[in-house]
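Subject: Structure handover

Hello,

Here is the structure I said I would pass on. Please open it next to this email and follow along.

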Amino acid sequence: MSDAIEEPGTTSEMDVSTVQTNANMAKDDVVLRVENLQKSFGALVATDHATFEVERGTITGLIGPNGAGKSTIFNLISGFYEPDGGTVTVNGTDVTGTEPYEVAEHGLIRTFQTPRKLEGMTVREAMLVGPRHQPGESFVKLFTDPKTVGEHEQQNLADVERILEEFEIDHLATQPATDISGGQMKLVELARAMLAEPEVLLLDEPVAGVNPTLRNKLAEQIQRLNEQGTTFLLIEHDMEFVMNLADPIVVLDRGSVLTEGPPHAIQSDTKVIDAYLGGGGV
Ligand SMILES: Nc1ncnc2c1ncn2[C@@H]1O[C@H](COP(=O)(O)OP(=O)(O)OP(=O)(O)O)[C@@H](O)[C@H]1O
C-alpha cells in the first residue's frame, strides 16, 4: 500500500442509514460496488461511508466540489489506498485492501490526473510499460534484441501498434513521450490503459487542461470504447464534458454520496447546487 499520509483513522460516527439512499437503487449488472467506504487522514475524514454502484456498460460520472474526496475514492477502489472500513467489489469479487495489480487482474484499471513521468521513452515505449498480463521480459529487448523476446512481448507490440492506430496517434509513436502536448498525453494514457483490456476503466480528470479539439477527440474515443463494451467511471470538473458524456452522475460531497441520477436531474438539483456553492467550487 502506498498511502502518502497514513495515520490511525478517526472515522466519522455518522449514522450509516442516513447515507445509504443511493445504494437502494436497483441496477441490472453491477461491475463495481463501493459500500460504506471509509478513509481518514489523521483527523480529516476524506471518505465517509461512501456507497454507490457502477452498472456494466455505463459511463458513470463522479463529480463534487474540490476536496469532496473523488481522487481518494479512486485510490481506495484501485488499491492505492487501504480503506479504514467498507468494501470494494469488482465483478462480484471483494477486492478490498488488495494491491493495484490484483484489482487490475479482476478487470479494473485507473488513470491518474497527472500521468506518471516517462522521461527517456518514446510514446511507443511508454505504451509498452505495464500491460496487464505482461511477463517479466523487458520491453527494451523489443527494440535492442527482438529475436530474444517471447511471444507475449511480440503480441504486446502488435497490440500497441493496433491501439496507436485506433486512437489515431500512430504518428506520435517515435516521439519522446515528454515532448507531446498535455492533451496528447491524456490520449496516450487512455490508449495505454486499454492495453490492459479493462472491463471497467477509472479516468481521473481525462480532459483537465486539454484544448477543445483534443477534448472532443477524447470524448469520441471514450464513447467508441464504451460502445465496444468498456465501462467507465470518470472524475471530471469540466461540467459540459461530463454532462454530455456520462449517465448516471454520482455526486460526492464531504466524502459521502450526496445524490445520483441522470445529468438533467443533477444539474437542477438544489442539493448539488448548494454543495458546489458551499464547497470549493469546480
Ligand atoms: N494522502 C493524503 N494525505 C492527507 N490528506 C489527504 C490525502 N489525500 C487526500 N487528502 C485530503 O482528503 C480530502 C479529499 O481529497 P481528494 O483529493 O480526494 O478530493 P477531490 O474531490 O479529488 O478534490 P479535487 O477535485 O480538488 O481534486 C482533501 O481534504 C485532501 O486534502
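Two strands count as paired if DSSP finds at least two bridges between them. With that in mind, the notes below go through the sheets, the helices and a few backbone details. Please remember throughout that this is a predicted model.

Confidence

The mean pLDDT of the protein is 82, and 80% of its residues reach 70 or more. The model scores ipTM 0.97 and pTM 0.82. Two stretches need caution. Over residues 1–24 pLDDT stays under 50, and the model has 39 contacts beyond four places in sequence for them. Residues 131–143 also have pLDDT under 50 throughout, with 22 such contacts in the model.

The sheet of six strands

An open sheet holds 6 strands in the order β6-β7-β8-β3-β9-β10, and its pairing is mixed. Which strands are at its edges? They are β6 (108–110) and β10, each of which pairs on one side only. On average, neighbouring strands of this sheet are turned by 20° against each other, direction ignored.

At the β6 edge, 3 bridges join β6 to β7 (residues 200–204), and these two strands run parallel. In this pair, L108 stands opposite V200 of β7.

At the β10 edge, β9 (residues 249–253) and β10 (residues 256–261) run antiparallel and are joined by 5 bridges. L252 has V257 of β10 as its bridge partner. The hairpin of β9 and β10 has 2 residues between the strands, and R254 takes a positive phi near 50° there.

The sheet of four strands

A second open sheet is made of 4 strands in the order β2-β1-β4-β5, with antiparallel pairing. Its edge strands are β2 (44–55) and β5 (93–94), and each pairs on one side only. Strand β1 (residues 30–41) is joined to β2 by 9 bridges, and the two run antiparallel. One pair to look up is L32 and its bridge partner in β2, V54.

A helix that lies across both sheets

Helix α1 (residues 70–77) lies across β1, β2 and β4 (85–90), at about 115° to β1. On the other sheet, α1 lies across β3 (59–63), β6, β7, β8 (231–235) and β9, and runs at about 145° to β7.

A pair of helices

Two packed helices are described by the angle between their axes and the distance between the axes. For helix α6 (residues 182–195) and helix α7 (residues 212–227), the angle is about 10° and the axes are 9 Å apart. Angles under 35 degrees count as roughly parallel, so α6 is roughly parallel to α7. Their crossing is left-handed.

Which residues make the contact? From α6 they are G183, Q184, K186, L187, L190 and M194, and from α7 they are L214, K217, L218, Q221 and L225. By type, the residues of this contact divide into 6 nonpolar, 3 polar and 2 charged.

Backbone details

Most residues other than glycine have a negative phi, and most peptide bonds are trans. Here are the places to check against that.

- H49 has a positive phi, near 55°, and is not a glycine. H49 is in strand β2.
- R254, in the hairpin already described, has a positive phi near 50°.
- The peptide bond from D247 to P248 is cis, with omega near 10°. P248 is in the loop between α8 (239–245) and β9.

When you go through the model, I suggest starting with the sheets and then turning to the helices.

Regards

Key:
Residues numbered from 1 in each chain as written. Predicted model: local features only at pLDDT ≥ 70, side-chain atom pairs only at ≥ 80, totals over all residues. Contact = placed C-beta atoms within 7 Å. Axes fitted to C-alpha atoms, helices over the stretch in contact; angles between N-to-C directions. Parallel < 35°, antiparallel > 145°, perpendicular 65-115°, else oblique. Left-handed = near helix turned anticlockwise from the far one by under 90°. Nonpolar A, V, L, I, M, F, W, Y, C, P; charged D, E, K, R; others polar. pLDDT = per-residue confidence, 0-100.
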